[in-house]
Structure formats: structure tokens, C-alpha cells
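Visitor: I would like to learn how to read a fold feature by feature. Where do we begin?

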Amino acid sequence: MPNERLDLEARIHPEIPHAARIWNYWMGGKDNFEADRAAGDAVAAVYPDIVRMAQQSRKFLTRAVSYLAGEAGIRQFLDIGTGLPTMQNTHEIAQRLAPDSRIVYVDNDPLVLVHARALLKNTTPEGVTAYLDGDYNEPELIVEDAHNVLDFTKPIAVMFMGVLGYVEDHQAARSIVDRVVGALPSGSHLVLWDGTATGDAVAEGSEKLAESGAVPYHLRSLAEMGEFFAGLELVEPGLAPISHWRLEEGAEEVTPIDAHGAIGRKP
């Protein structure tokens, strides 16, 4: 669809720092512009661990999806605010363990959508990989569109991976999660992580991000992080630094990061 692609590309503004592209830069990717790199460097100058956070977030995603597709037996994933495709994407991990897995990615960033068409391809004949142009501030529309791919009578894993910090009001962020989880059947899971207000340096990094002209990122307290999982059954080890959540036995010891996450099961 050439016209649609041109429309998406017209929405890309390289002179304005953008969250998905800054994150791509921190992860060592190449899908970013000078404004993104400048913003990323400004944050890293006061909070060098942001690069490690980006790397650890992908490892957390890998472990979380592996648990869900393996031990938990989940075959449907709704990845909201997926960001730019990189290595070890949700569909690749899930379909490697369960070839019939169905994955729906959701994002409203034009650069993400352009890359999604090129890179988020099904890896197995049995599985399904799809993407939606959607805004998590409109969860009912996301759920409505996801019905075209996912069976809402069977368990679904919904994922918010480091994206709700861009919602300033905590209660508004909770409402987004609650409205999506509320539409899911029993046995579904919520996977969520975000940056946390657990150190002075990470708070200064958040301030530098806002000063750069990028969308501000609002750190949550650990108590606020726990509220996202109200009414759900937390999977062991519960809410933990993403660098330590279900760290493989024998894995190299890592320093805890100012980002926490968990998986909760809907009874």
C-alpha cells in the first residue's frame, strides 16, 4: 500500500526526539536520528544505567514470554506499545516455543509501523503475527481491533513493556491497564514493567529527557507499580527488578536496575 506508507512516513519528524527512536539508540540500533541521539546522550550523561536498562528490558521480555508460552501455556499475546522491532521480538520467542502462537502488536508511532510491515513477519505456518495502528489511551478500540485476530474466549497475555511511564497521571495509567485486563478471560496474564523512582540518578535522567524536548517519562513508586496488578495472582517472584526477574540459574550476577516488573494471572 504505497499511499499508506507515504502517509506514515509524512508523520515522521526527525528533528523532534521520539521515545521509540531514543530507546532504539540506547539498545544499539540504527533506526534513530540526530535529535534522538542527542536526547539519549543527555540522559545517559547523568544516568549511565539507562543503556543497561534498555538491554535488561529485552532480557526481561525474553524470560517473560518464554515463561508464558512455555510453563503457562499461553498461545495469544497482545503487545501494546511494542516500539521499534529489534532482536528477540515477542512473536519470535513465542512461536519458537509454541508454533501456533498468535501475536498482535500495537503502536501508533509511524516509524514503528513502517518497520513492522518489513520486520514483524510470521515465523511459523501455524502462527499469526499482526500489528495494529492504535493508541493505548484508547484501550477499547485496541481490544475491538484485536478481536479480529485473537480469540477472547481463551487466555491472552497483554504486555505493557516500559511504556506507561509516558502517561503522567498514575490513575489514568491504571485505568488503561484495568480496561484491557477487564476485557480478557480468566487465565489471561498481564506482563508489565516500567522505570521506578528508586534512585536519585534515574530521577535526574527523567528530568534530562523532558528537557531534551522528548515526551517526559514519569517514574512510578514501587507501591504504584504494585497497583497495576491489583486483583491478579502474581507469578513468582512477584514484583522485582527486571534485571532479576526469574534470572536463570547460573546466570552472571547483575546489579539491580531502576525498573521493576511482574506477571500477574487473572483468576
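Guide: We go through strands, helix packing, backbone exceptions and one loop residue. Keep in mind that this is a predicted model.

Visitor: Strands, then. How do side chains sit along one?

Guide: In a regular strand, side chains alternate between the two faces of the sheet. Now take strand 1, residues 76–80. Gln-76, Leu-78 and Ile-80 lie on one side, and Phe-77 and Asp-79 on the other.

Visitor: Are the two faces of strand 1 covered or open?

Guide: Both are covered, and the residues on each side are all buried. With 5 of its 5 residues buried, strand 1 is therefore largely enclosed by the rest of the structure.

Visitor: What about strand 4: which residues lie on each of its sides?

Guide: Strand 4 has Ala-157, Met-159 and Met-161 on one side. Val-158 and Phe-160 are on the other side. Both faces are covered here too. Strand 4 spans residues 157–161, and 5 of the 5 are buried, so the rest of the structure largely encloses it.

Visitor: In what sense do strand 1 and strand 4 pair, and over how many bridges?

Guide: Parallel, over 4 bridges. Leu-78 has Val-158 in strand 4 as its bridge partner.

Visitor: How many bridges join strand 1 to strand 2?

Guide: There are 5, and the two strands run parallel. Look at Asp-79: it stands opposite Tyr-105 in strand 2. Strand 1, helix 5 and strand 2 make up a β-α-β unit, and its hand is right.

Visitor: How do strand 4 and strand 5 pair?

Guide: In the parallel sense, over 5 bridges. Strand 5 covers residues 189–195. Ala-157 is opposite His-189 of strand 5. To get from strand 4 to strand 5, the chain passes through helix 8, residues 170–182. That β-α-β crossover is right-handed.

Visitor: Now the helices. How do I describe a packed pair?

Guide: Give the angle between the two axes and the distance between them. Try helix 4, residues 49–69, against helix 5, residues 90–97. Their axes come within 9 Å and cross at roughly 35 degrees. The crossing is right-handed.

Visitor: Which residues make that contact?

Guide: Helix 4 brings Leu-61, Thr-62, Val-65, Ser-66 and Ala-69. Helix 5 brings Thr-90, Ile-93, Ala-94 and Leu-97. By class, that is 6 nonpolar, 3 polar and no charged residues.

Visitor: At what angle do helix 2 and helix 3 pack?

Guide: About 65 degrees, with the axes 9 Å apart. This crossing is right-handed. Arg-21, Ile-22, Tyr-25 and Trp-26 of helix 2 take part. From helix 3 come Asp-36, Arg-37, Ala-39, Gly-40, Asp-41 and Val-43. The contact has 5 nonpolar, 1 polar and 4 charged residues.

Visitor: Is helix 2 mostly covered or mostly open?

Guide: Mostly covered. Helix 2 runs over residues 19–26, and 6 of its 8 residues are buried. They are Ala-20, Arg-21, Ile-22, Trp-23, Asn-24 and Trp-26.

Visitor: What should I look for in the backbone?

Guide: Look for exceptions. Most residues other than glycine have a negative phi, and most peptide bonds are trans.

Visitor: Which residue takes a positive phi just after helix 2?

Guide: Gly-28, at about 90 degrees. Arg-246 has a positive phi as well, of about 50 degrees, although it is not a glycine. Arg-246 sits in the loop between strand 7 and strand 8. Its relative accessible area is 31%, so Arg-246 is partly exposed.

Visitor: Where is a cis peptide bond?

Guide: Between Glu-236 and Pro-237, with omega about 10 degrees. Pro-237 belongs to the loop between strand 6 and strand 7.

Visitor: One loop residue to finish. Where is Pro-99?

Guide: In the loop between helix 5 and strand 2. Its relative accessibility is 32%, so Pro-99 counts as partly exposed.

Visitor: What does Pro-99 touch, beyond residues up to four places away in sequence?

Guide: Thr-124, Glu-126 and Gly-127. Compare Phe-33: Pro-99 is 66 residues from Phe-33 in sequence, and 36 Å from it in space, C-alpha to C-alpha.

Definitions and conventions
Residues numbered from 1 in each chain as written. Predicted model: local features only at pLDDT ≥ 70, side-chain atom pairs only at ≥ 80, totals over all residues. Heavy atoms only, no water. Buried < 20%, exposed > 50% of the residue type's maximum accessible area, 1.4 Å probe, protein only. Axes fitted to C-alpha atoms, helices over the stretch in contact; angles between N-to-C directions. Left-handed = near helix turned anticlockwise from the far one by under 90°. Contact = heavy atoms within 4.5 Å. Nonpolar A, V, L, I, M, F, W, Y, C, P; charged D, E, K, R; others polar. Pairing = 2+ DSSP bridges. Right-handed = clockwise from strand over helix to strand, strands pointing away.
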